[in-house]
Amino acid sequence: MEAALILWERSQEMGFRYSTLLSDGDCEYSCVKIDMSFSRNFFYYLERAYMPTTALVLLSWVVFWLHPRCTNIRLGIWIGILISITIVTTSINANSPEVSYTKALDVWMGVCVFFIFSVLLQLCLVNNAITSEENAFALKNQLAAEEINSTPSDEHGKRNPLRSYTSTPLRWLNKYSTRAQRIDVVSRVLFPAAFGFFNFIYWVTYAAKRV
């Protein structure tokens, strides 16, 4: 009982109202009406749910700063984070009351899980970019070796150059020589920006409902 009371707090004083209830006949019955308003204890969920899941989402972005070829390390970090957020989600659901509607906490947890799974998709894109570049490089060297009558050129053994951006907002990507590196640096900006935008929308909406 004490553990359950921690989840709730009384938002305002209880209101007592005396009224009368008339029956079908001429009899009159006295009754007392009590109005009570409760709200969830926000700091409890802030400590047990919002802060741990936010930390896990931020920690999942560490893989963007590792070398693209460290596939095993990047995937190992992601699996550890996935297990951690699964444990946190299970613990929160076990200690929360069951309701028939979608809670604000459910939306938060769902979006956090979505961001973590998006990191897995990013890892797949990086790995696919590395594999494609290696296959193209190997095929180019093989074709160059089979050209018996061709004149040796300095271009053999070099990777195909990536697209060079001329616009000012994207010109900084030209200093990265591989597509995998470009995916990583774009993710370092895109993921925090998207998560920050979600936080802005979420907390503005949540604060508006509490007022």
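How much area does the protein chain expose, and what share of it do carbon and sulfur atoms supply? The protein chain exposes about 14,800 Å², and carbon and sulfur atoms supply 63% of it. Accessible areas come from the Shrake-Rupley method with a 1.4 Å probe, and for residues only the protein chains shown count as cover.

This is a predicted model: local features need pLDDT of at least 70, side-chain atom pairs count only at pLDDT 80 or more, and totals for chains, interfaces and linings use all residues. Residues are numbered from 1 along each chain as its sequence is written, and side-chain values use heavy atoms, with hydrogens and water left out.

The protein chain holds five helices and four strands. These are DSSP runs: helices are H or I of at least four residues, strands are E of at least two, numbered from the N terminus. The order from the N terminus is α-β-β-β-β-α-α-α-α.

An unreviewed UniProt entry lists residues 49-68, 75-95, 107-130 and 185-205 as "transmembrane region". Such annotations may be inferred rather than shown by experiment. Two of these spans compare as follows.

| Span | Helix | Strand | End C-alpha atoms apart |
|---|---|---|---|
| residues 49-68 | 60% | 0% | 32 Å |
| residues 185-205 | 100% | 0% | 31 Å |

S187 sits in helix α5 (residues 179-210). S187 is buried (under 20% relative accessible area), at 5%. Its side chain makes a polar contact (N or O atoms within 3.5 Å, one able to donate a hydrogen and the other to accept it) with the side chain of Q122 at 3.3 Å. The S187 side chain also reaches the backbone oxygen of I183 at 2.8 Å.

Note on methods: Buried means under 20% relative accessible area, exposed over 50%, partly exposed in between (1.4 Å probe, protein chains only).
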